[in-house]
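Visitor: I should be grateful for a close look at a single part of this model, the paired strands, followed by an account of what lies elsewhere in the fold.

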Amino acid sequence: MEISASTRLIVVIGDPVAHSLSPLMHNAAFRVLGLDAVYVALRVPAQALATVLAAQVATGGAGNVTVPHKEAVEGSVARKTDVCTHAGACNTFWTEDGVLVGDNTDVCGVRSTLEQLGVHGPGRWLVIGTGGSARAVAVVAAEASATLLVRSRNAKRAAEFAAWANGLGVHTEVARGPVEVDVAINATPLGLAGHDPLPADPKDLPGVRVALDLVYARGETRWVHALREHRVKAQDGREMLVQQGAASLSRFFPGEAAPIDVMRAAVCRALRV
């Protein structure tokens with residue numbers, strides 16, 4: 001990849017962000033498409049977020065957003081798509097007519113990945129976490145007419161999330177103790193570090209048949225392995241990353257068809273044991 005003065009810069013902002021495979025995935029796509037662009041990761045502490053977003057506006061920037069900034073960016077963009085508004089979180093932005101526009105392609109990623117896992121229609125879903133990714137899960141649960149349970153280490157945040165999700169039209173309750181669900185989704189960062197505790201003990205999820213860990217890791221996450229030992233159909237977040245990334249690329253470069261097989265291959269190579 002040759003970088004020149006005309007090369008377009010696309011970024012992913014977050015804190016932490018060093019673990020992100022988005023640069024590897026998108027740069028592989030840019031090469032195949034012959035685009036004069038480069039994708040980089042920027043660690044952005046919360047106190048620097050407003051400054052970085054202002055710089056994106058000034059330079060006609062575009063990019064993605066990861067933890068913990070998705071909700072803050074949704075409140076900062078000048079315009080947003082309906083799905084971004086419904087989710088209350090933004091993971092994709094670009095500049096249009098001199099202002100930042102926000103979207104939420106996590107919703108597309110969650111929806112597509114759950115469909116690949118055989119999740120269709122209503123059921124009882126558990127989402128672990130209350131941040132931007134959990135909000136995308138709630139939007140998809142509303143579309144599926146699912147009942148949603150939310151679990152968080154912070155009781156106040158769990159109650160606030162449940163109230164917000166009920167406002168979307170999805171029946172939502174705070175989960176306490178073991179819960180019987182059909183689908184369990186980890187929307188926390190637990191699993192990024194190998195010593196992290198499991199998001200939920202599989203023994204506390206009687207009846208669960210499908211689980212999606214939005215975290216991805218080399219060799220897959222400990223939670224995925226633990227669930228499979230209990231005969232649960234489980235998958236980590238690599239396909240979610242690919243699906244939302246493909247949708248994001250189409251926002252950055254309208255009219256370009258994302259080379260999803262190339263993007264998936266780049267991610268899988270990086271996560272090989």
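**From the paired strands to the cores and the pocket**

Guide: In this predicted model, strand β3 (residues 62-65) and strand β5 (residues 92-96) run antiparallel and are joined by 3 bridges. One position shows the pairing in detail: Asn-64 has Thr-92 of β5 as its bridge partner. On to the next strand, β5 is joined by 5 bridges to β6 (residues 99-103), and this pair is antiparallel as well. Here Glu-96 has Val-99 of β6 as its bridge partner. The hairpin of β5 and β6 has 2 residues between the strands, and Asp-97 takes a positive phi near 55° in this hairpin.

From the strands one may turn to the nonpolar interior. The largest nonpolar core holds 30 residues, and the members that touch the most others are Leu-114, Trp-125, Val-127, Leu-148, Phe-161 and Ile-185. At least two residues of this core come from each of α5 (106-116), β7 (124-128), α6 (132-143), β8 (147-151), α7 (155-168), β10 (183-186) and β11 (210-213). The greatest contribution is that of α6, with 7 residues. Ile-185 illustrates the packing: leaving aside residues up to four places away in sequence, Ile-185 touches Leu-114, Trp-125, Leu-126, Val-127, Ile-128, Val-137, Leu-212, Leu-214 and Trp-223. There is also a second, separate core of 23 residues, which includes Val-12, Ala-29, Tyr-39 and Ala-62. Such groupings accord with a general tendency: in soluble globular proteins, nonpolar side chains tend to be buried together.

A polar residue offers a counterpart. Gln-243 lies in helix α9 (residues 238-252). With a relative accessible area of 11%, Gln-243 counts as buried because this value is under the 20% cut-off. The side chain of Gln-243 makes a polar contact, at 2.7 Å, with the side chain of Glu-239. Beyond residues up to four places away in sequence, Gln-243 touches Gly-109, Ser-112, Thr-113, Gln-116, Ile-260 and Arg-264.

Helix α9 also leads to the largest pocket, whose lining takes its largest share, 3 residues, from α9. The volume of the largest pocket is about 930 Å³. Its lining comprises 40 residues, of which Val-67, Ser-133, Ala-187, Thr-188 and Pro-189 are the closest to the centre. Two or more lining residues come from each of β3, α3 (70-74), α6 and α9. The account thus returns to its starting point: β3, joined to β5 by 3 bridges, is one of the elements that contribute to the lining of this pocket.

Note on methods: Residues numbered from 1 in each chain as written. Predicted model: local features only at pLDDT ≥ 70, side-chain atom pairs only at ≥ 80, totals over all residues. Heavy atoms only, no water. Core = buried A, V, L, I, M, F, W, Y, C linked by side-chain atoms within 4.5 Å. Buried < 20%, exposed > 50% of the residue type's maximum accessible area, 1.4 Å probe, protein only. Helix = DSSP H or I, 4+ residues; strand = E, 2+ residues; numbered from the N terminus. Contact = heavy atoms within 4.5 Å. Pairing = 2+ DSSP bridges. Polar contact = N/O pair within 3.5 Å; in protein donor to acceptor, adjacent residues only side chain to side chain. 1 Å grid on protein atoms, 1.4 Å probe; cavity = no way out; pocket = protein on both sides within 12 Å on 5 of 7 lines; lining within 4 Å. Points joined across faces, edges and corners; volume = space filled by probe spheres on them.
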